[in-house]
Amino acid sequence: MNLIADWNRTAPRKTRTEIVRFNHRMAETGLFTDEALARLLDETPREEITICTMPPRPPADLRWIAGDAPGIDGAGLVEATRRGRLWVSPRSAMTKHPTYRKVFNQLMGEFSKATGQRVLSADAAVLISSANMGIFFHVDPAETMLWHIRGTKTMLVYPPKEEIVTELALEAILLKETLSDLPWRPEMESQAVSVTLKGGEAVSWPIHSPHRVLNGDDLNVSMSVEFSTPRSMLTNGVFYTNGILRRRAGMNPTSRGTADILKPAYWAASRAIKALAPPKNNVERAHDRRFDVDLSAPWCIKWRPGYEPQGA
Ligand SMILES: [Fe+2]
């Protein structure tokens, strides 16, 4: 069975430069039913599972609140996500779990063959999320795409232009000065392309296009894929090197206008800089856990003392 069902809406070769939708058959693998997801969660080390909450229909610039689920098994987590306000994600399930990895390797093989993109490395998370949850406005340094499997989800994709995502901001993400969230302004909304996905639909967008996501009124199951290609590696090499030149040499370079023929030199420079002075990871990754999943609490969220949101 082919996992990519068809490319009938757009030619796959346009994936580098345009927002492209296509259909897939991931649901037919049987790996994304409630029972299969419960098993996946049980077979994934808990520290590799992100558990978050947020208000319903979150504003574009609202960060998530991290939590935990002590004593709750996979089936309980799936049930809590169906009933509550949760975002549950085994972050590298598609590469770390042997059953899912087999499917993922096939999928990336098909994607690579159809689009002509040589995939150097790839990883993917499974996302299980409640009705009306979302992902705040951000940009990913790697190539990314979303394969939607169950429920309804709306992706908002913004053009990778300086007025939406500055080179300075991209450099900061690549240099690991900040996480991937970006400053959002309401006037950006007029430039967003809205793509509503049903189960069985996927969307990919050009590298460095900022995006955010809003779930519909139902439980959502999707897979978010990130991968690197020779082209993304060279592009990021330019941003990385220029980021260093801007910060350490007081220069004011621009990355987006760099001629393709020069990119390998930038990439080589970025490799050399990384080897000599690896970026300090200034990003605070250990978010404090502010709630525990509790099937008997409102929205399955039991706030830890001192963290009850006002007005909740
Ligand atoms: Fe993303």
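1. Two strands are said to pair when DSSP finds at least two bridges between them. This usage is needed for the position of T154, which stands opposite L214 of strand β12. The model under discussion is a predicted one, and the points below take up its two sheets, its two domains and three pairs of helices.

2. The sheet of four strands is the place to begin. In what order do the strands of this open sheet lie? The order is β7-β12-β9-β10, and the pairing is antiparallel. The edges are taken by β7 (134–138) and β10 (193–198); each has a single partner strand, so one side of each is left without a neighbour in the sheet. From one strand to the next, the twist averages 20 degrees.

3. The pairings of strand β9 can be followed residue by residue. Strand β9 (residues 152–157) is joined to strand β12 (residues 211–215) by five bridges, and the two run antiparallel. Within this pairing, L156 has R212 of β12 as its bridge partner, while T154 faces L214 of β12. Strand β9 is also joined to β10, by six bridges, and this pair again runs antiparallel. Here the bridge partner of T152 is K198, a residue of β10.

4. The other sheet to be described is an open one of eleven strands with mixed pairing. Its strands follow the order β1-β2-β11-β8-β13-β6-β5-β3-β4-β14-β15. Why is one side of β1 and of β15 left without a neighbour in the sheet? Both β1 (4–6) and β15 (301–303) stand at the edges and have a single partner strand each, so one side of each is left open in this way. The twist in this sheet averages 35 degrees from one strand to the next.

5. One end of the eleven-strand sheet deserves a closer reading. Strand β14 (residues 291–293) and β15 run antiparallel and are joined by three bridges. For V293, the bridge partner in β15 is I301.

6. The chain is assigned two domains: domain 1 covers 4–228 and domain 2 covers 230–276. The C-alpha centres of the two domains are 27 Å apart. How many residues of each domain are in contact with the other? Twelve residues of domain 1 touch 13 residues of domain 2. On the domain 1 side of this contact, helix α5 (residues 167–174) gives the largest share, four residues. That side of domain 1 comprises seven nonpolar, one polar and four charged residues.

7. The helix pairs come next. Two packed helices are described by the angle between their axes and the distance between the axes. For α5 and helix α6 (residues 230–248), the axes come within 9 Å and cross at roughly 100 degrees. Angles of 65 to 115 degrees count as roughly perpendicular, and α5 is therefore roughly perpendicular to α6. In this contact, E167, L170, E171 and L174 of α5 meet N236, F239, Y240, N242, G243 and R246 of α6. By class, these residues are four nonpolar, three polar and three charged.

8. Helix α6 also packs against helix α7 (residues 263–276): their axes come within 7 Å and cross at roughly 60 degrees. The relation of α6 to α7 is therefore oblique. In which sense, left-handed or right-handed, does α6 pass α7? The crossing is left-handed. From α6, the residues M233, L234, T235, G237, V238, Y240, T241 and I244 meet K263, P264, Y266, W267, A269, S270 and I273 of α7. This contact divides into ten nonpolar, four polar and one charged residue. Y240 of α6 is named here, and Y240 is also listed in the contact with α5.

9. The remaining pair is helix α1 (residues 34–42) with helix α2 (residues 74–83). Their axes come within 7 Å and cross at roughly 125 degrees, so the two helices are oblique to each other. The crossing of α1 and α2 is right-handed. From α1, the contact is made by D34, L37, A38, R39, L40, L41 and D42, and from α2 by G74, A75, L77 and V78. Seven of the residues in this contact are nonpolar, one is polar and three are charged.

Key: Residues are numbered from 1 along each chain as its sequence is written. This is a predicted model: local features need pLDDT of at least 70, side-chain atom pairs count only at pLDDT 80 or more; totals for chains, interfaces and linings use all residues. Axes are lines fitted to C-alpha atoms, for helices over the stretch in contact, and angles run from 0 to 180 degrees between N-to-C directions. Angles under 35 degrees count as roughly parallel, over 145 as roughly antiparallel, 65 to 115 as roughly perpendicular and the rest as oblique. A crossing is left-handed if the near helix is turned anticlockwise from the far one by less than a right angle, and right-handed if clockwise. Two residues are in contact if their C-beta atoms, placed from the backbone, lie within 7 Å. Ala, Val, Leu, Ile, Met, Phe, Trp, Tyr, Cys and Pro count as nonpolar, Asp, Glu, Lys and Arg as charged, and the others, Gly among them, as polar. Domain bounds come from an automatic or database domain assignment.
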